[in-house]
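Here are some notes for a colleague who is beginning to read structures. Please keep the sequence and the model open beside the text, and follow each point on the display.

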Amino acid sequence: MILPDYRSEADALRGQLVAWRRDLHQHPELSFQEIRTAGVVARTLGELGYEVRTGVGRTGVVGLLQGGRPGPTVMLRADMDALPIQEISDAPYVSQTPGAMHACGHDGHIAIGLGTATLLARHAAELPGRVLFVFQPAEEGGSGAAAMIADGALADPKPAAAFALHLWNMIPMGRVVAQAGPLMAAADILRIVVRGKGGHGAHPHETVDAIAVTGQVLSALQTIVSRNVDPQETAVLTIGTLHGGTAFNVIAETVELQGTIRTFSPAVRETVLTRLRVLLDGVTAGMGAQYELAVKSVAPAVVNDAAAAETARAAAVQVVGPTAVTWHAPLMVSEDFSEFQKVVPACFMLLGSGNVELGLNAPHHNPRFDFDERALPIGVALLATTATRFLLENMAR
Ligand SMILES: [Zn+2]
Ligand SMILES: [Zn+2]
């Protein structure tokens, strides 16, 4: 098999890609509510000749393409969920659903996935192996990847490698990041309740003021990253919400805090969690209060397999040229593609979708988020080339 000219084929598909993306953008669905979206995906894959399974990990869709020659299975993944954000946009394709919006570009990922499925189906007879498409629900903190794995999405056939991309507005349109090693951080959600003893605002000596205790807790927590984590390592500990108290003359009995921890190395994550507990123990005990701590892992770190990254990088060079393939410092955001990476050697790529001149450079999760749609055919060519290269490199000889 000679590698097809996927870039030209994808460019010819541009109108369809934009139509898919704009339809999905107008009909955003939140995590695990991707009913209409999954319907569009399943119907399109079925029309293309894929073996389709729906309801995998609740609202996920799996499509399998049998190549005409024997070989391994390569997995491609796209995420499908939108965010609970009210869109601010004058675009004709603005969200039709109040309070929901594709503000992370997952509408683009679905369009790219369907476009890639179209091109690979066209060349199925020549492909040495199979392509497993995984359209995942609930990437935005809902653990959709884990739900699909638990539901057997990768069980039969088991893929030998997995690839995916994320449109990235902070990178100029058409640039590609496909690098080995860490790319995105592990994320944990934490919830702390500081419990004191409420009472009259004029009688503090009869109370344990949960707000005063929380003030000490907050400043103690700031020392974890600055004083306990090796400065050569990376960690973030952010407290994002703080709620306590009911009236000006009442001493609060409880304060609730929520936050997130971001790390790359499991050892650093353990350090942060250990210090968190030690400081909460010490500060609250010293001030006569108590606390509850709940930590929930959202996703492990995205760390790309070296061999898979090499395949993706070679494909990227072919699709966008060597000068548009760039290295990127690891990002502190998280992505649950990392759940697939625990099961399959994989590479997660970033595809630049920002365009400052066109004003298409709002950050992800912003109500004005939109991207340069010229990235769509590039994404298709990138995934189709990556998958085909992997099959050719690993075919039965
Ligand atoms: Zn997101
Ligand atoms: Zn995303």
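1. A definition comes before the sheet: two strands are said to pair if DSSP finds at least two bridges between them. The model shown here is a predicted one, and in it strand β8, residues 186-195, and strand β13 pair in the antiparallel sense over nine bridges. Within this pairing, L190 stands opposite V295 in β13.

2. Which strands make up the sheet that contains this pair, and in what order do they lie? The sheet is open and has four strands, arranged in the order β10-β12-β8-β13 with antiparallel pairing. Its edge strands are β10 (235-244) and β13 (290-299), each of which pairs on one side only. On average, neighbouring strands of the sheet are turned by 15° against each other, if direction is ignored.

3. Two helices pack on this sheet, and they are best taken in turn. Helix α6, which covers residues 210-228, touches β8, β10 and β12 (254-263), and its direction makes about 170° with that of β10. Helix α7, which covers residues 266-286, touches β8, β10, β12 and β13, and its direction makes about 165° with that of β13.

4. The next point concerns empty space inside the model. A search of the whole structure finds one cavity of 30 Å³ or more, and the volume of the largest cavity is about 60 Å³. Its lining is formed by L76, R77, A78, H109, I112, G113, F133, V134, F135, L165 and L383. At least two of the lining residues come from each of β3 (69-79), α4 (106-122) and β4 (128-136). By character, the lining divides into eight nonpolar residues, two polar ones and one charged one.

5. The last point is the metal site. Which protein atoms act as donors to the zinc ion (ligand 2)? They are SG of C104, NE2 of H106 and NE2 of H166, and they lie 2.1 to 2.4 Å from the ion. Along the sequence, the donor residues are spaced C-x1-H-x59-H. C104 also bridges the zinc ion (ligand 2) and the zinc ion (ligand 1), and these two ions lie 3.2 Å apart. Because C104 lies in the loop between β3 and α4 while H166 lies in strand β5 (residues 161-172), the pair ties together parts that are 62 residues apart in sequence.

Technical notes:
Residues are numbered from 1 along each chain as its sequence is written. Chains are lettered from A and ligands numbered from 1 in the order in which they are written. This is a predicted model: local features need pLDDT of at least 70, side-chain atom pairs count only at pLDDT 80 or more; totals for chains, interfaces and linings use all residues. Side-chain values use heavy atoms; hydrogens and water are left out. Axes are lines fitted to C-alpha atoms, for helices over the stretch in contact, and angles run from 0 to 180 degrees between N-to-C directions. Contact means heavy atoms within 4.5 Å. On a 1 Å grid over the protein atoms alone, a cavity is a set of points where a 1.4 Å probe fits but cannot get out, and a pocket is an open set with protein on both sides within 12 Å along at least five of seven lines; lining residues have an atom within 4 Å of a point. Grid points are joined across faces, edges and corners, and a volume is the space filled by probe spheres set on the points. Ala, Val, Leu, Ile, Met, Phe, Trp, Tyr, Cys and Pro count as nonpolar, Asp, Glu, Lys and Arg as charged, and the others, Gly among them, as polar. Donors are N, O and S atoms within 2.8 Å of the metal (3.2 Å for Na, K and Ca); water is not among the atoms, so sites may look incomplete.
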